[in-house]
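Trainee: Could you walk me through this structure, step by step? I would like to learn how to read it.

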Amino acid sequence: MDAVIASLPEYWDGFLRTLYLSVISGIIALVVGTLLAAMRVSPVAALRGFSMFYVEVARNTPLTIIFFFAAIVLPRLGVKFEQFEVAAIIALSSYTAAFIAEAVRSGVNSVPVGQAEAARSVGMTFTQVLGFIVLPQAVRTVVPPLINILIALVKNSSVAGAFFVLELFGYGRQLSNDYGNQVLWILLGVAFFYLLITVPLGLLAHFVERKVAIAR
Amino acid sequence: MTSVLYDVPGPKARLYSLIGSAAGILIILGVLAIAVMTLAQQGIFDADRWEIFYGPMAPDVWNLIGQGILSTLAAAAVAAIIAFPLGIGLCLLRISLIPWVRIPTQVVLEFLRGMPVVLMMLFVLLVFATGQFQAVVVGLVLYNAAIFAEILRAGIQSLPKGQREAGLAIGLRSFQSRMSIEFPQAVRRMLPSLVAQLVVLLKDTSLGYIVGYEELLRKIQIMADFLGPNFLFPAFFVGAAIYILINLTVSRIAILIERRGSKKAAGGVASATIRTGLEGTGNDPVAQNVVLGPDHRDASGTDKK
């Protein structure tokens, strides 16, 4: 126990960096993912194809491989980052964006076609159909899965700890080296800080799900 | 495909779409060309960089890659085989009628689901001083059993109430109803999610790299370290391609299963429901009547969605 108390500053530092990585990559992934989803449902075939290819490949590539590429292969190819955090954010957001794109797309698809047809038949334009009819319904079905993706993102940021970024997991590895006799407590401490982020997010997902669920 | 968002395009819209596609393709090709040129300047495409895959070194290199693939698949297979029954067990505890069983299980599941898998692997490795293989497998098992349990629970909850009520009405015990009526249907209904989770499990074996398990990615790095930095990119490229190919294959299988499932759900819900509903209960006419009762319509309704 005393090892945990002695390392509280490291824990706090790691906790903040995990939060930082998650929030920044989460925002980038939300933006890129929504763009990808928009491309996926657009009438232009090339955009649809590109989005589909990206999402398929990114979803089927292990995150560790993406990190390996961003942190080890890219610098060897001459793309050097000032800080490893940048590589981590690129890896995390490009991976997560694919999942967000899938969630948003399935949200749009979950709106029955009749809704849009009805809207068009009363003379609404494309933007009106999208803004008043389809998106409000799509967003409601999609918020809980989006929160789940963000929870996964927080947990995935632990991979950054293996690639030179000192976030929670990175500190956990380092501290368990320093205090070889108290590994159990050190790692439970790390787990506690992760749960501090993921469990409230999970409760939020449950809450939103119950609040906005549409009976169809 | 009818999209929600736009009508079937007319000649004008088709023309615009064609122009847009051409522009899109040009942009993508341009970006690719820049990337390829940059790589070419680094000498990535020189034949001697790729010689490791067909030159005199090739047998050793492919041997190493083969070992990597095998250890990746072995960890995934062992973890999946243990995690699934464990997930069923956890699910049973989670939906138990006894609060003293249900609530602690819920806490444990929340704990397992809220932690990074790699942290569990490190925990097992350091605290229990096991080998890397055991650490990877136990980490994967704990996490995925929790997910399987939640998927199955969602499946059971999605069943119409009548299924359980019918079981209880003909005198089955709660546990018997779970095992012979609810579980078979839940597994069937959730099969796509279960297979999708298997893809996640397979992907997560690459976390073994971090705890030092010699899976495919680690073998690639060992190879690159041994051969020299010039071969890092070719080695990584081939390794990543293999990983992605394996995962894509499993994903395809998942999609196939989903298609088959939904085709049955759309066409033959009635027969499917009756068959699974009667599994283990024999041809009891009472049960059959109940399965065909009004609740059955609910079942097909949710299935179609």
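Mentor: Happily! Let us start with a term: contact means heavy atoms within 4.5 Å. This is a predicted model, where local features need pLDDT of at least 70, side-chain atom pairs count only at pLDDT 80 or more, and totals for chains, interfaces and linings use all residues. Residues are numbered from 1 along each chain as its sequence is written, chains are lettered from A and ligands numbered from 1 in the order in which they are written, and side-chain values use heavy atoms, with hydrogens and water left out.

Trainee: How many residues of chain B are in contact with chain A?

Mentor: Each chain has its own side of the interface, so to speak, and we count them one by one. Chain A brings 51 residues. On the other side, the number of residues from chain B is 46.

Trainee: What area is buried between chain A and chain B?

Mentor: Buried area is the accessible area (1.4 Å probe) that two parts lose on being put together, summed over both. Carbon and sulfur atoms give 74% of it here. In chain A, the residues losing the most area to chain B are A:Asn60, A:Phe68 and A:Leu77, together 14% of what that side buries. The buried area is about 4,500 Å².

Trainee: Which residue of chain B forms a salt bridge with A:Glu56?

Mentor: A salt bridge is a side-chain nitrogen of Lys or Arg within 4 Å of a carboxyl oxygen of Asp or Glu. The count between chain A and chain B is one. Its closest N and O atoms are 3.0 Å apart, and the partner of A:Glu56 is B:Arg252.

Trainee: Is B:Tyr213 buried or exposed?

Mentor: Buried means under 20% relative accessible area, exposed over 50%, and partly exposed in between (1.4 Å probe, protein chains only). Because its relative accessibility is 9%, B:Tyr213 counts as buried.

Trainee: Which residue offers the backbone oxygen that the side chain of B:Tyr213 reaches at 2.8 Å?

Mentor: Among the residues that B:Tyr213 touches are B:Ala75, B:Phe133 and B:Arg218. Another residue lies 142 residues away along the chain, with a C-alpha separation of 8.6 Å from B:Tyr213. The backbone oxygen reached at 2.8 Å belongs to B:Ser71.

Trainee: What percentage of the residues in chain B is buried?

Mentor: The chain has 305 residues in total. Counting those that are buried gives 46%.

Notes
Polar contact = N/O pair within 3.5 Å; in protein donor to acceptor, adjacent residues only side chain to side chain. Lists of a residue's contacts leave out its neighbours within four places in sequence.
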